Amino acid sequence: MSWGRAPVVLLGGGATLLLSFLWMPALLPVASRLLLLPRALLSMASGSPPLPSPGSGYVPGSVSAAFVTCPNEKVAKEIARAVVEKRLAACVNLIPQITSIYEWKGKIEEDSEVLMMIKTQSSLVPALTEFVRSVHPYEVAEVIALPVEQGNPPYLHWVRQVTESGSDSGPAP
């Protein structure tokens, strides 16, 4: 759909109303996408805290999945073990042999890397990021985190419990 400039025509009465109805179908796809925004994003935009999911006690967004790329499996395992030992993460999955294509210092690069998927409390993401930056071999380490809107309530509870108290009373992932 093109959103180019249209001529401005001043119309009166019914013609203005008719034109506004003609534009409505063009706006419906945009409006319907707004309905798909996660509840947590909408509550953040409104300034109110997210509400617990009905029946689970889980507050959407209180757990995050963080992603870190590493040059090889040895580095990824060392960082993964350290963040779990320091209780900055409950669990880290290592996904080997990903291909990353990116621009670095004006040149397009392509590298084989290992992707770490780290489950943690959202409140721990800044400390996790700082720790990864301090031990990672890259000049600029990738650390990005996405809030978890929904999931298996016992697992999400376990992530919070392990990263808060350190007691591993939940199921192993």
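**Entry 1. The β2–β3 pairing**

I began with β2 and β3, which pair in the antiparallel sense over 12 bridges. The model is a predicted one. I looked up one partner pair and found that Asn 93 has Met 117 in β3 as its bridge partner. At the turn of this hairpin two residues lie between the strands, and Lys 105 takes a positive phi near 55 degrees.

**Entry 2. The sheet**

I then asked in what order the strands lie in the sheet. Four strands form an open sheet, ordered β2-β3-β1-β4, with antiparallel pairing. I noted β2 (91-104) and β4 (143-147) as the edge strands, each pairing on one side only. From one strand to the next the twist averages 30 degrees.

I also checked the pairing of β1 (residues 63-70) with β3 (residues 107-121), and found eight bridges in the antiparallel sense. In this pairing Val 63 stands opposite Gln 121 in β3.

**Entry 3. Helices on the sheet**

I looked for helices that pack on the sheet. Helix α3 (residues 73-85) does so and touches β1, β2 and β3. I read the angle between the directions of α3 and β2 as about 130 degrees. Helix α4 (residues 125-135) also packs on the sheet, where its contacts are β1, β3 and β4. The direction of α4 makes about 135 degrees with that of β3.

**Entry 4. The chain overall**

I listed the secondary structure and got five helices and four strands. Read from the N terminus, the elements run α-α-β-α-β-β-α-β-α. The chain has 173 residues, and 29% of them count as buried. I took the exposed surface as about 11,600 Å², with carbon and sulfur atoms supplying 63% of it. Of the contacts between residues at least 6 apart in sequence, 64% join residues at least 24 apart.

**Entry 5. Nonpolar cores**

Which residues touch the most other members of the largest nonpolar core? I found Val 83, Met 116 and Ile 118, in a core of 19 residues. At least two residues of this core come from each of β1, α3, β3 and α4. The largest share is that of α3, with six residues.

I followed Val 83 further. Leaving aside residues up to four places away in sequence, Val 83 touches Leu 88, Ala 89, Val 92, Leu 128 and Phe 131. I also noted a second, separate core of nine residues, among them Ala 90, Cys 91, Trp 158 and Val 159.

**Entry 6. The aromatic pair**

I searched for aromatic pairs and found one in the structure. Its rings belong to Tyr 155 and Trp 158, with centres 5.5 Å apart and planes at 40 degrees, so I entered the pair as tilted. Planes under 30 degrees apart would count as stacked and over 60 as edge-to-face.

Both residues lie in helix α5 (residues 153-164); because they are three residues apart there, about one helical turn separates them. I then checked how far each is covered. Tyr 155 is partly exposed, with a relative accessible area of 21%. The cut-off for buried is under 20%. Trp 158 counts as buried, at 4% relative accessibility.

**Entry 7. Lys 119**

Is Lys 119 buried or exposed? I found that Lys 119 is buried, with a relative accessible area of 9%. Its place is in strand β3. I listed what Lys 119 touches, not counting residues up to four places away in sequence: Ser 64, Ala 89, Ala 90, Cys 91, Asn 93, Tyr 155 and Val 159. Two of these names, Ala 90 and Cys 91, I had already entered under the second core. Tyr 155 I had entered under the aromatic pair.

**Entry 8. Leu 94**

I ended on strand β2, where Leu 94 has its place. Leu 94 is partly exposed, at a relative accessible area of 28%. Outside the residues up to four places away in sequence, Leu 94 touches Ala 76, Lys 77, Ala 80, Val 114, Leu 115 and Met 116. I also took one C-alpha distance from Leu 94: the C-alpha atom of Thr 69, 25 residues away along the chain, is separated from that of Leu 94 by 9.5 Å.

Note on methods:
Residues numbered from 1 in each chain as written. Predicted model: local features only at pLDDT ≥ 70, side-chain atom pairs only at ≥ 80, totals over all residues. Heavy atoms only, no water. Pairing = 2+ DSSP bridges. Axes fitted to C-alpha atoms, helices over the stretch in contact; angles between N-to-C directions. Contact = heavy atoms within 4.5 Å. Phe/Tyr/Trp six-rings, centres within 6.5 Å; stacked < 30°, edge-to-face > 60°. Buried < 20%, exposed > 50% of the residue type's maximum accessible area, 1.4 Å probe, protein only. Areas by Shrake-Rupley, 256 points an atom, 1.4 Å probe, with all protein chains shown as cover. Core = buried A, V, L, I, M, F, W, Y, C linked by side-chain atoms within 4.5 Å.
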